[in-house]
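Dear colleague,

I am passing on the structure we spoke about, and I would be grateful if you could look through it with the notes that follow beside you.

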Amino acid sequence: MRLDYLTIFPEFFDVLGISLLGKAVDNGIVDIHAHDLRTWTHDRHRTVDDTPCGGGAGMVMKPDPWGEAFDDLLGADPDPSVHVVIPTPSGTPFRQDDAAQLSHADRIVFCCGRYEGIDHRVIDYASEHWSVHELSLGDYVLNGGEVAALAMTEAIVRLVPGVLGNPESLSEESYSQDQEGLLEYPVYTRPASWRGWDVPEVLMSGHHGHIAQWRREQSRELTRRRRPDLLTDE
Ligand SMILES: Nc1ccccc1-c1cnco1
């Protein structure tokens, strides 16, 4: 899987060289390239933004640098197997299913906008050539798409075979299929008693059936309290 990031802050993505994703890069499972969008500007000030047509506050990212970056990175031929991800507050909510689908992609280009956004013709042009995903990380305002791109990257890449040491750990996480889309149950480790708090007895019983039942009940209760929207049978 090749991941490209178009951004005015390419150093944001240096962090991908460490920890889990760093190992995936070292193992050649993932190939990461961050690009400074100003590479595709030609004026002395390396300008990437301009005032909004129709007035309004703030600045809009000019289309030209994006178009020239697309030309260099992707060429002009349409290829639906290339996924262009545009983090944006106006996008559809990024969910675990999106991460799962994108984990099968061979190529993903993240377009990290700043200011008031990217000239919409960039999205129109990209949509004619590649598979475009305008995705929101959540209902809050960020200064740009870089942080969202990092979060999406981790959610996507950790699902790529060979990236996680123990693929079994994927199955019992919140939002995973095996978890029936419920929130993950509370977890404990040693010591059995800590500052007056004890590990629930059932987890020390060694009775796998009782433990599985307790975990299912905990997941359902937690989901009922915190995310009733995830419960399909109520
Ligand atoms: N607020 C933002 C500003 C710029 C690019 C993305 C976002 C975003 C993505 N998900 C939530 O917000």
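In this predicted model, a backbone N or O atom of Leu 137 lies 2.8 Å from a nitrogen atom of the ligand, and a polar backbone atom of Leu 142 is likewise placed 2.8 Å from a ligand nitrogen. Tyr 140 also takes part through its backbone, one N or O atom of which lies 3.4 Å from an oxygen atom of the ligand. Taken alone, the ligand exposes 310 Å², and the protein buries 93% of that area.

The shell around the ligand includes Pro 87, Thr 88 and Pro 89, together with Ser 136, Leu 137 and Gly 138, and further along the chain Tyr 140, Val 141, Leu 142, Gly 144 and Gly 145. By character, these residues divide into six nonpolar and five polar, while none is charged. Which element supplies the largest share of the shell? That share, three residues, comes from strand 5, which covers residues 82–93.

Strand 5 deserves some attention for its neighbours as well. Strand 5 runs parallel to strand 7 (residues 131–136), to which seven bridges join it, and in this pairing His 83 has Ser 131 as its bridge partner. Strand 5 also runs parallel to strand 6 (residues 107–111), here with four bridges, and Val 82 is partnered with Arg 107. With helix 3 (residues 96–102) included, strand 5 and strand 6 make a right-handed β-α-β unit.

As for the overall layout, the protein is divided into domain 1, residues 1–156, and domain 2, residues 166–228, and the centres of the two domains, taken over C-alpha atoms, are separated by 36 Å.

Two details of the backbone may be worth checking when you go through the model. Most residues other than glycine have a negative phi, and most peptide bonds are trans. Arg 46, although it is not a glycine, has a positive phi of about 55 degrees, and it sits in the loop between strand 2 (31–36) and strand 3 (49–50). The peptide bond from Arg 190 to Pro 191, for its part, is cis, with omega near 5 degrees, and Pro 191 is found in the loop that lies between helix 5 (146–157) and strand 8 (193–194).

With kind regards

Note on methods
Residues are numbered from 1 along each chain as its sequence is written. This is a predicted model: local features need pLDDT of at least 70, side-chain atom pairs count only at pLDDT 80 or more; totals for chains, interfaces and linings use all residues. Side-chain values use heavy atoms; hydrogens and water are left out. A residue is near a molecule or strand if one of its heavy atoms lies within 4 Å of it. A polar contact is a pair of N or O atoms within 3.5 Å; within protein, one must be able to donate a hydrogen and the other to accept it, and residues adjacent in sequence count only if both atoms are side-chain atoms. Accessible areas come from the Shrake-Rupley method with a 1.4 Å probe; for residues, only the protein chains shown count as cover. Helices (H or I, at least four residues) and strands (E, at least two) are DSSP runs, numbered from the N terminus. Ala, Val, Leu, Ile, Met, Phe, Trp, Tyr, Cys and Pro count as nonpolar, Asp, Glu, Lys and Arg as charged, and the others, Gly among them, as polar. Domain bounds come from an automatic or database domain assignment. Two strands pair if DSSP finds at least two bridges between them. A crossover is right-handed if, with the strands pointing away from the viewer, the path from the first strand over the helix to the second runs clockwise.
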